[in-house]
Amino acid sequence: MPPHFSSLSVSSLTRSQVLGFTALLILPLLLLATLPWQPFLIDSLHSGWLWWSYALTRMVDIPGIGLSGALLLLLTRYKLKLKLTPFIALGCALAALLASDWVLKSLIKHLTEEPRPYLIWLESQALIPAIKSFYASRVDVRSEQVHTASQLLALPEWLGHHWQAEVNYAFPSGHSIAAISLAQFFGLIWLARAPTGVWLLPLWALGIGLSRMVMGMHWPVDVLASALLGSFTALIAARWWLHRY
């Protein structure tokens, strides 16, 4: 253990800190999920400001997730003044966390098969086939149907491409799991060792979750479930690292 942390342990992260930080990630989404309002902003699909939601989404997309993870790793190394061994262990814990989240997300999507909000809306506008027939088609056929619909709607090119690339199922949100996992993982470690700026992480993660709903990619319950899953797996990974370093 580095001398800088010789007097510190995982006990420096109190239960109230863990519960409080996790509540910041969960409670706003719980409130949103209980409201009789779907954040999919159909009337704003042609608005220029919606691009900023897309920009947030791309921060945990590919390759954005790699860039965001690397930046947070380097920032953590700087904040905590980590030597090489704990820094490598931190990177390995993060990689294992994101990999396990991806496996769980993929398995749950396969089991639940919940349609995405924007696809339900396109179906209601008779721009794609009935949703069961739509999902019974191959992925490339689905993508082409969504591409045709986006052209008929004259959507911004970036939004049309994003919809076209996301024709799988909605529950849970992979982007939201990644964002919440990153916020919880680094947030708890920062709280225990160097708390300056830690409260920016929930704002960033919640912004990404909201962006997924605004663009019609997920229902509020999708993002809430993703936050619960991501915060739990990240708690395990963060505690593992804090116990050892």
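**Note on a predicted model: its largest pocket, helix packing and loops**

1. The residues that line the largest pocket divide into 8 nonpolar, 5 polar and 7 charged. Keep in mind that this is a predicted model.

2. How big is the largest pocket? Its volume is about 500 Å³. The lining has 20 residues, and those closest to the centre of the pocket are V60, I62, W102, K105 and G174. Find these five in the structure and you have found the middle of the pocket.

3. Which elements give two or more residues to the lining of the largest pocket? They are α4 (84-112) and α9 (174-193). Of the elements, α4 gives the most, with 5 residues.

4. Now turn to the helices. Two packed helices are described by two values: the angle between their axes and the distance between those axes. Three pairs follow, and each gets both values.

5. Start with helix α1 (residues 15-34) and helix α10 (residues 200-214). They pack at an angle of about 25°, and their axes are 10 Å apart. An angle under 35 degrees counts as roughly parallel, so α1 is roughly parallel to α10. The crossing of α1 past α10 is right-handed.

6. What does α1 bring to its contact with α10? From α1 come F21, L24, L25, P28, L29 and L32. From α10 come L201, P202, A205, L206, L210 and M213. By class, this contact has 12 nonpolar residues, with no polar and no charged ones.

7. Helix α1 also packs against helix α11 (residues 220-244). Here the angle is about 165° and the axes are 8 Å apart. Angles over 145 degrees count as roughly antiparallel, and α1 and α11 are therefore roughly antiparallel to each other. This time α1 passes in a left-handed crossing.

8. Look at the side of α1 in that contact: V18, T22, L25, I26, L29, L30, L32 and A33. Their partners in α11 are P220, V221, V223, L224, A227, L228, S231 and L235. The classes are 14 nonpolar, 2 polar and no charged residues. Compare the lists: L25, L29 and L32 of α1 meet α10, and L25, L29 and L32 of α1 also meet α11.

9. The third pair is α2 (51-58) with α10. These two pack at an angle of about 120°, with axes 8 Å apart. That makes α2 oblique to α10. The crossing of this pair is left-handed.

10. Which residues of α2 meet α10? They are S53, L56 and T57. On the α10 side are W204, G207, I208, S211, R212 and V214. This contact divides into 4 nonpolar, 4 polar and 1 charged residues. Set that beside the contact of α1 with α10, which has no polar and no charged residues.

11. Next, the loops. The peptide bond from I62 to P63 is cis, with omega near 10°. P63 is found in the loop between α2 (51-58) and α3 (64-80). Note that I62 is also among the residues closest to the centre of the largest pocket.

12. A cis peptide bond also joins F171 and P172, where omega is about -5°. P172 is found in the loop between α8 (157-165) and α9.

13. Last, check K81. What is its phi? The value is near 55°, which is positive in a residue other than glycine. K81 lies in the loop between α3 and α4.

How values were computed
Residues are numbered from 1 along each chain as its sequence is written. This is a predicted model: local features need pLDDT of at least 70, side-chain atom pairs count only at pLDDT 80 or more; totals for chains, interfaces and linings use all residues. Side-chain values use heavy atoms; hydrogens and water are left out. Axes are lines fitted to C-alpha atoms, for helices over the stretch in contact, and angles run from 0 to 180 degrees between N-to-C directions. Helices (H or I, at least four residues) and strands (E, at least two) are DSSP runs, numbered from the N terminus. Angles under 35 degrees count as roughly parallel, over 145 as roughly antiparallel, 65 to 115 as roughly perpendicular and the rest as oblique. A crossing is left-handed if the near helix is turned anticlockwise from the far one by less than a right angle, and right-handed if clockwise. Contact means heavy atoms within 4.5 Å. Ala, Val, Leu, Ile, Met, Phe, Trp, Tyr, Cys and Pro count as nonpolar, Asp, Glu, Lys and Arg as charged, and the others, Gly among them, as polar. On a 1 Å grid over the protein atoms alone, a cavity is a set of points where a 1.4 Å probe fits but cannot get out, and a pocket is an open set with protein on both sides within 12 Å along at least five of seven lines; lining residues have an atom within 4 Å of a point. Grid points are joined across faces, edges and corners, and a volume is the space filled by probe spheres set on the points.
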